[in-house]
Amino acid sequence: MYDTNLTRISLPSKKYCYFLGVAQCVFTYNVSFVIESILKLSNDHNWYDLIDSEAGTINREVKKTISKVSGPKIYDKFEKVIYMRNRIIHGFRCTDNKGRQILGTKERGSGVQFYVDEKYLLDFINLNNELCDALDEYRNSHQEGSENNTNNATTSM
């Protein structure tokens, strides 16, 4: 076991908790990257409003902005990332068939349940890597006319 002094609540394995943390970090990084990309295309938004928006709302803005310039690739990947992230966040603690404490979740609509196991978390992390690569490719190919929308960026941190 590992140091669990932070809580009296039982925790999954150290590796599983690490994967959960990495999953959260790559997701929030990509949300910020998506917001940056939207702000470079649109003066209709500001960072403060977008950062408080749900990911689905942000992705609708991707469809209205980035997709019109570069096609559906980023929108489609972000949509998959959001779905997987929601299954993680709206999951529930359970014991899997190998006796490990992990998260379980269910599909919206059908109610089909499945485990958020290490493979699922790694698939989520890898899909975020693909999204990041697509965003980076988009940014590099659309440098022209990308004056910083300084009214939209935060300097308070």
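**Strands, helices and a shared core**

In strand E3, Val116 is the bridge partner of Leu103. This pair is a convenient way into the structure, which is a predicted model. Leu103 belongs to strand E2, residues 101-106, and Val116 to strand E3, residues 113-116; the two strands run antiparallel and are joined by four bridges. Six residues lie between the strands in this hairpin, and one residue of the hairpin, Gly109, takes a positive phi near 90°.

On its other side in the sheet order, E2 meets strand E1. What joins E1 to E2, and in which direction do they run? Four bridges link E1, residues 92-95, with E2, and the pair is antiparallel. Two of the partnerships can be followed by name: Phe92 is paired with Gly104 of E2, while Thr95 has Gln101 of E2 as its bridge partner. The hairpin of E1 and E2 has five residues between its strands, and Gly99 in the turn shows a positive phi of about 85°.

Taken together, the strands make an open sheet of three, in the order E1-E2-E3, with antiparallel pairing. E1 and E3 each have a single partner strand and stand at the edges, so one side of each is left without a neighbour in the sheet. On average, and with direction ignored, neighbouring strands of this sheet are turned by 50° against each other. As a general point for anyone looking at such a sheet, side chains in a regular strand alternate between the two faces.

The view can now be widened to the whole chain. Six helices accompany the three strands, and the order along the sequence is α-α-α-α-α-β-β-β-α. Of the 157 residues in the chain, 36% count as buried.

How do the helices H1 and H6 pass each other? The axes of H1, residues 14-41, and H6, residues 118-141, come within 9 Å and cross at roughly 25°. An angle under 35 degrees counts as roughly parallel, and H1 and H6 are therefore roughly parallel to each other. Their crossing is left-handed. The contact of H1 with H6 has 19 nonpolar residues, along with three polar and five charged ones.

Helix H6 also passes helix H5. Here the axes come within 10 Å, and the crossing angle is roughly 150°. Angles over 145 degrees count as roughly antiparallel, and H5 and H6 are therefore roughly antiparallel to each other. The crossing of H5 with H6 is left-handed.

Which residues have the most contacts inside the largest nonpolar core? They are Val62, Ile74 and Phe78, in a core of 37 residues. The elements giving two or more residues to this core are H1, helix H3 (55-64), helix H5 (73-89), E2 and H6. H1 gives the most, with 11 residues.

The last stop is Leu41, a residue of helix H1. Is Leu41 buried or partly exposed? Buried means under 20% relative accessible area and exposed over 50%; with a relative accessible area of 38%, Leu41 is therefore partly exposed. In sequence, Leu41 and Thr65 are 24 residues apart, while in space their C-alpha atoms are 6.5 Å apart.

Key. Residues numbered from 1 in each chain as written. Predicted model: local features only at pLDDT ≥ 70, side-chain atom pairs only at ≥ 80, totals over all residues. Heavy atoms only, no water. Axes fitted to C-alpha atoms, helices over the stretch in contact; angles between N-to-C directions. Parallel < 35°, antiparallel > 145°, perpendicular 65-115°, else oblique. Left-handed = near helix turned anticlockwise from the far one by under 90°. Nonpolar A, V, L, I, M, F, W, Y, C, P; charged D, E, K, R; others polar. Pairing = 2+ DSSP bridges. Core = buried A, V, L, I, M, F, W, Y, C linked by side-chain atoms within 4.5 Å. Buried < 20%, exposed > 50% of the residue type's maximum accessible area, 1.4 Å probe, protein only.
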